[in-house]
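Subject: Structure handover

Hi,

Here is the structure I promised. Please load it first, then read my notes below.

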Amino acid sequence: MSAVAVDGVWKFYGDYPALRDVRLDAAAGACLALIGRNGAGKTTLLRIMAGFSRPGRGEVRICGTAPRDTATRRRIGFLGHGISVYDELSAIENLTLFARLYGLQEPRQAAAEWLERTGLERVANGLVREFSRGMRQRLAVARAFLHNPSVLLLDEPFTALDDRAIAVLQRLLREALAEGKTVVMSTHQLREALELATDVALLNRGRVAFAGPRTAEMVADPGFLYARYGEG
Amino acid sequence: MFDKSRWRDYLLHLFGAAVIVILARDINLIARLPQDVNQGAIFKIIFFHVPMAVTAMTAAAVAFVASVLFLITRDFRYDALAVAVTEVGLAFLAGNLITGSIWGHIIWGQWWAWDARLTSALVCWILYASYLMLRRAVEEPTQRATFAAVWSIFSFIDVPIVIFSIKWWRTQHPQPVFWGGGSFPHDWLVVFLWNMLAMVLLAIVMTTVRVRQENAQRELDSLRRTAHAM
Amino acid sequence: MTGFLRQVAVIAAKDLRAELRTKEAINGSLAFSLVILLLFSFAFDPTGDTTREISGGLLWIVFAFAGTLILNRSFARELPNDCLDALIAAPISGAALFLGKAIANYVLLLAMELISLPVFGIFYNVRWTGQFPELMLVLLLGTWALTVLGTMTSALTVNIRLREVMLPLLTYPVLVPALMGAMQLTMALIAGKPIDADNVMWLKMLIGFDVIYTAVSLVLVETVLVG
């Protein structure tokens with residue numbers, strides 16, 4: 001059973017198909033890089049995987065169950081375009097809040113631990129609205145990893161990160177993959193993503209134009225896939 | 001051989017013709033009826049005033065059912081039905097309000113009195129008008145249909161509560177009732193029912209036309225999006 | 001069940017903590033309430049007997065209008081930074097999220113109302129302490145009706161165009177019976193009449209309204225949030 005299975009998913013906005021018959025699989029421990037132009041449907045697909053919206057046809061299964069199941073939601077960690085933490089609360093308050101929502105046994109402890117792992121322990125009591133951009137993004141990453149999810153869904157995680165945040169994220173992703181967790185990330189930053197990826201899928205206008213294991217060729221020349229399977 | 005859409009057109013035209021015929025006959029009959037003892041010719045407005053209200057209420061019920069069905073099946077045709085029947089219902093309710101107002105002006109000299117039934121009709125009209133405003137405020141079609149369905153359910157549940165509260169309010173602070181004082185002879189009942197039928201048929205015709213327009217609009221939107229994507 | 005209630009408490013606490021830090025909604029709401037009370041006293045002779053009679057009704061108009069500032073904020077506060085996504089992704093039911101926010105709104109609305117009440121008493125020379133427990137009951141029931149509908153419309157309108165306009169536009173028509181009941185009861189109580197056979201109907205209607213709309217909202221909120 002794959003960790004993430006997308007089975008014949010179509011997504012309609014009104015009558016218009018934004019995703020057409022998408023079939024993808026990511027085994028446990030895999031890192032799937034979703035690449036594609038703007039508007040190809042990467043964000044739409046990720047949000048369906050995370051359970052934010054429903055497919056018009058077909059289904060997504062995370063570890064064999066629907067993403068919206070309560071138990072499955074505990075297993076998913078999502079990092080979207082926004083940082084999804086509250087400006088008016090402090091870093092530790094934010095993480096404790098989410099730790100409680102995810103039903104963690106020791107919420108404050110888990111929050112403190114993840115502040116350390118993302119290098120934010122010194123600003124634990126600072127309000128997020130006073131954080132620098134890089135700090136905000138590291139906190140977002142902490143929130144996504146906090147509840148020890150087995151499937152991580154990341155939407156363009158490397159975009160607009162500063163160097164320190166990129167390093168933190170890459171380290172955390174490598175650790176997660178080593179622990180057998182599954183990562184699906186959409187990306188424009190081909191280089192950082194392809195280094196970590198074990199599999200690649202190219203989306204073009206809502207269709208899967210290519211899906212397969214990541215090869216050395218791709219790492220050497222990231223644009224190669226677009227040239228071969230994409231358009232223009 | 002059996003062309004479904006052509007037969008649907010025939011049926012629609014048949015209904016439309018029936019409406020015109022019945023209405024023409026009714027208006028002729030009604031004009032010939034003797035005037036009401038107390039209120040004169042204007043009392044005959046009841047032949048339209050009440051059927052419009054009944055049609056509007058039926059429309060609300062149909063909208064409720066269509067909304068529930070949409071939420072269950074996610075079939076956009078139910079959404080088209082919901083919006084069409086709500087718009088038609090609103091038109092009939094407006095007719096009810098206008099005829100009520102005219103009646104009040106002729107009999108009581110005021111264009112509006114806070115009569116229980118008319119006030120309830122007004123509140124319900126505003127209720128469903130805001131449903132249409134909600135639809136206009138949501139761009140994305142699936143979201144629009146979902147939100148509208150939820151709101152239609154909220155609105156329909158309120159209708160009996162509104163009617164009851166306003167009635168109770170007027171019981172506590174009584175005011176002259178609009179058509180108190182008129183009598184309704186038994187032989188008028190037949191004409192009344194024919195007019196009722198005409199109103200319902202008219203509503204069905206209007207709703208059908210609107211549903212078609214809605215379905216066509218949906219196709220157009222989708223083609224437009226596809227064109228943009230190219 | 002306890003898990004559900006705990007989550008409700010977490011959400012309510014978060015909303016209240018965030019609001020108490022910034023005080024945007026409550027300050028705006030209070031200011032608005034005071035302004036409307038003031039404006040009404042220009043429109044109606046504040047010392048007149050008729051005014052005192054209808055003042056109970058005016059009070060609820062003040063509450064309903066000023067309340068929308070608080071209600072609007074309810075789901076709107078989740079928009080910056082895409083926090084709403086994180087809440088929907090969390091293993092918390094839409095009903096728990098809704099209830100938590102509704103409770104936070106309820107507390108804030110009651111605070112605004114309890115502060116407005118003495119001001120109202122002073123401006124309109126009205127003794128509202130006469131039947132205090134009954135008045136509080138009406139306040140609690142009427143405010144819950146406003147809360148439950150306003151929180152629902154806040155969820156509905158959070159992502160759409162003209163959010164600030166749509167929220168009151170949708171809430172008020174549905175709220176008419178509840179507002180009517182609250183107004184009738186408040187006017188009677190302020191005038192010194194007890195809640196007798198005449199008025200108890202309004203009380204029952206308010207309770208019924210609250211129960212029905214709380215149930216319907218709890219059932220449908222997930223559809224609104226996730227689609």
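How much area do chain C and chain B bury between them, and what part of it is on carbon and sulfur atoms? About 2800 Å², with 77% on carbon and sulfur. Keep in mind that this is a predicted model.

**Chain C with chain B**

Each side brings the following to the contact: 30 residues from chain C and 30 residues from chain B. On the chain C side, C:Leu156, C:Arg161 and C:Tyr213 lose the most area to chain B. Together they make up 18% of what that side buries.

The count of salt bridges between chain C and chain B is one. It joins the side chains of B:Glu139 and C:Arg161, at 2.3 Å from N to O. So C:Arg161 turns up twice: in this salt bridge, and among the residues of chain C that lose the most area to chain B. There are also five residue pairs in polar contact between the two chains, both residues at pLDDT 80 or more.

Three elements of chain C give two or more residues to the side that touches chain B: helix 6 (132–157), helix 7 (163–190) and helix 8 (197–226). Helix 8 of chain C gives the most, with 13 residues.

**Chain B by itself**

Chain B has six helices and zero strands. Along the sequence the pattern reads α-α-α-α-α-α. Of its 230 residues, 46% count as buried. Take the contacts in chain B with a separation of 6 or more: 79% of them come from residues 24 or more positions apart.

**Chain C with chain A**

Here chain C puts in 24 residues and chain A puts in 29 residues. The buried area is about 2400 Å², and carbon and sulfur atoms give 57% of it. In chain C, the residues that lose the most area to chain A are C:Arg21, C:Asn81 and C:Pro91. Their joint share is 26% of what that side buries.

Three salt bridges are found across the interface of chain C and chain A. One of them pairs the side chains of A:Arg47 and C:Asp85, at 2.9 Å from N to O. Polar contacts across this interface come to 17 residue pairs, both residues at pLDDT 80 or more.

Helix 1 (2–22), helix 4 and helix 8 of chain C each supply at least two residues of the side that touches chain A. The largest share, eight residues, comes from helix 1 of chain C. Helix 8 of chain C is thus on both lists: the one for chain A and the one for chain B.

**The sheet in chain A**

Chain A holds an open sheet of six strands, in the order 5-6-7-3-8-9, with mixed pairing. The edge strands are strand 5 (76–79) and strand 9 (207–213), and each pairs on one side only. From one strand to the next the twist averages 15 degrees.

Strand 8 (residues 199–204) and strand 9 of chain A run antiparallel, joined by six bridges. A:Ala201 has A:Ala211 in strand 9 as its bridge partner. The hairpin of these two strands has two residues between the strands, and A:Arg205 there takes a positive phi near 50 degrees.

Helix 1 (residues 42–50) of chain A lies across strand 3 (31–36), strand 5, strand 6 (151–155), strand 7 (182–187) and strand 8 of chain A. Helix 1 runs at about 150 degrees to strand 6.

**Single residues to look at**

Which residues other than glycine have a positive phi? A:Asp21 is one, at about 45 degrees. A:Asp21 lies in strand 2 (residues 16–26) of chain A and is partly exposed, with a relative accessible area of 32%. C:Asn81 is another, with phi near 65 degrees. C:Asn81 sits in the loop between helix 3 (49–76) and helix 4 (83–89) of chain C. C:Asn81 counts as buried because its relative accessible area is 17%, under the 20% cut-off.

Last, A:Ser2. It is in the segment before strand 1 (4–13) of chain A. A:Ser2 is buried, at 18% relative accessible area. Its side chain makes a polar contact with the side chain of A:Asp25, at 2.4 Å. Beyond its neighbours within four places in sequence, A:Ser2 is in contact with A:Asp25, A:Ala26, A:Ala27, A:Cys63 and A:Gly64.

Best wishes

Methods: Residues are numbered from 1 along each chain as its sequence is written. Chains are lettered from A and ligands numbered from 1 in the order in which they are written. This is a predicted model: local features need pLDDT of at least 70, side-chain atom pairs count only at pLDDT 80 or more; totals for chains, interfaces and linings use all residues. Side-chain values use heavy atoms; hydrogens and water are left out. Helices (H or I, at least four residues) and strands (E, at least two) are DSSP runs, numbered from the N terminus. Buried means under 20% relative accessible area, exposed over 50%, partly exposed in between (1.4 Å probe, protein chains only). A polar contact is a pair of N or O atoms within 3.5 Å; within protein, one must be able to donate a hydrogen and the other to accept it, and residues adjacent in sequence count only if both atoms are side-chain atoms. Contact means heavy atoms within 4.5 Å. Two strands pair if DSSP finds at least two bridges between them. Axes are lines fitted to C-alpha atoms, for helices over the stretch in contact, and angles run from 0 to 180 degrees between N-to-C directions. Buried area is the accessible area (1.4 Å probe) that two parts lose on being put together, summed over both. A salt bridge is a side-chain nitrogen of Lys or Arg within 4 Å of a carboxyl oxygen of Asp or Glu.
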